[in-house]
Amino acid sequence: MFNDIGPMELGTLVVLAVLIFGPDKLPKLIQDVSNIIRKVRSFSESAKQDIRAELGPEFKDFEFEDLNPKTFVRKQLMDNDDLGLKEIRNSFDLRKDMEEVADAVHGRETAPATTAANGSGTGSGTPDLLKKREKLDPGERPPFDADAT
């Protein structure tokens, strides 16, 4: 709560409190404030326990901090790998993809090019971007590019 208060600010607050309330009333004020904080904390804890009791046993692991949207998303997506997101995130190797594109643009071959039976690509399953394809076989449909249409 007060993570950004430095020693100078804290000292200034103490001096102001002594000047405003006086050294004789300050201990009683600190005690009253600490009692109020304890009562608010106990009230909030009892309210949390009442809500958990009303929700039932299905929500025994329910944490109120999960209601924060950032915490909820982080818990559901980052910690939980039911969707396989870590594999998807790790499968993107942009450097390798960019090197392949650069090699294709500059005419360099990254792997030995073995022409497939239909002459449409290399042995690694990636198309040769520089080689134009021969004519289509009779009855063969042209390739479909979903991104281009």
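**View 1. E45 and its salt-bridge partner K48.** In this predicted model, E45 is partly exposed, with a relative accessibility of 40%. Look next to its partner: E45 makes a salt bridge with K48, and their closest N and O atoms lie 3.9 Å apart. That distance counts because a salt bridge needs the nitrogen within 4 Å of the carboxyl oxygen. K48 is partly exposed too, at 24% relative accessibility. The two residues are three apart in helix α1, which means that about one helical turn separates them.

**View 2. K28 and D32 joined in helix α1.** Here the side chains of K28 and D32 meet in a salt bridge, 3.3 Å from N to O. What spacing do K28 and D32 have in helix α1? They are four residues apart, so about one helical turn lies between them. K28 is partly exposed at 48% relative accessible area, and D32 is partly exposed at 31%.

**View 3. R108 paired with D103.** The closest N and O atoms of this salt bridge are 3.1 Å apart. Is D103 buried or exposed? D103 is buried, with a relative accessible area of 16%, whereas R108 is partly exposed at 48%. With this pair in view, you have met the three salt bridges that the structure holds.

**View 4. A nonpolar patch on the surface.** Now for a change of scene, away from charged pairs. Residues including I5, L10, L13, V14 and F21 form a nonpolar patch on the surface. Together, the members of the patch have about 910 Å² of accessible area. One of them, L10, sits in helix α1, which covers residues 7-55.

Notes. Residues are numbered from 1 along each chain as its sequence is written. This is a predicted model: local features need pLDDT of at least 70, side-chain atom pairs count only at pLDDT 80 or more; totals for chains, interfaces and linings use all residues. Side-chain values use heavy atoms; hydrogens and water are left out. Patches are made of residues with over 30% relative accessible area and no salt bridge: like charges are joined within 9 Å, nonpolar side chains (Val, Leu, Ile, Met, Phe, Trp, Tyr) within 5 Å. Accessible areas come from the Shrake-Rupley method with a 1.4 Å probe; for residues, only the protein chains shown count as cover. Buried means under 20% relative accessible area, exposed over 50%, partly exposed in between (1.4 Å probe, protein chains only).
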